[in-house]
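Please open the model in your viewer and keep the sequence panel beside it. The tour begins with the whole chain and then moves to one pair of elements.

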Amino acid sequence: MTTRIVTIAEGSRLTRSVAIGTHSLTADEPEPFSDNAGPTPGELLLASLGSCTSMAVRALADRHDWPLERIDVAVRFGKQGEIVKNIGLTGDLDPAQREQLLAAAGRCPIHRLLTREAVIVTVPALLAEPDAAQV
């Protein structure tokens with residue numbers, strides 16, 4: 001999986017500005033914790049999974065020229081913290097095509113990343129502070 005570097009800058013309260021290449025978005029927490037200026041980090045994770053799922057299903061249908069008219073994906077956290085992903089497929093698909101499309105939904109890169117043990121390495125970044133003598 002190739003990706004651009006994602007950078008996060010602090011805003012007011014818990015609001016964060018997220019930059020991904022030339023794209024930008026906002027992450028935040030709802031009131032009263034913060035300003036509700038954007039989706040929460042958990043919602044962004046769910047959006048990533050849902051988007052990846054939809055793209056994987058569409059790519060398979062297009063590759064085989066199957067009559068998939070529409071894909072609807074809804075993703076949420078369940079009561080036990082599990083991720084629940086509902087997928088609706090619209091089109092004149094036969095049962096075998098539906099089965100293969102739903103299987104593809106579980107093979108998108110984000111789904112695979114979330115269902116295996118991911119290794120996260122935290123590297124402290126030392127930021128250079130301006131030298132008071134040079135100011």
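What follows is a short series of selections, each with a note on what is there.

This is a predicted model, in which local features need pLDDT of at least 70 and side-chain atom pairs count only at pLDDT 80 or more, while totals for chains, interfaces and linings use all residues. Residues are numbered from 1 along each chain as its sequence is written, and side-chain values use heavy atoms, with hydrogens and water left out.

Select the whole protein first and colour it by secondary structure: three helices and five strands appear, in the order β-β-β-α-β-β-α-α along the sequence (DSSP runs, H or I of at least four residues for helices and E of at least two for strands, numbered from the N terminus). The radius of gyration, taken over C-alpha atoms, is 20 Å, well over the 14 Å that the globule rule (2.2 Å times the number of residues to the power 0.38) gives for 135 residues, so the protein is more spread out than a compact globule. Turn to the C-alpha trace, which spans about 75 × 35 × 30 Å along its principal axes.

Next, select residues 68–77, which are strand 4, together with residues 83–91, which are strand 5; the two pair in the antiparallel sense over nine bridges, where pairing requires that DSSP finds at least two bridges between the strands. Within this pair, pick A74 and then its bridge partner in strand 5, N86.

Finally, move to the turn of this hairpin, where five residues lie between strand 4 and strand 5, and select G81, which has a positive phi of about 90°.
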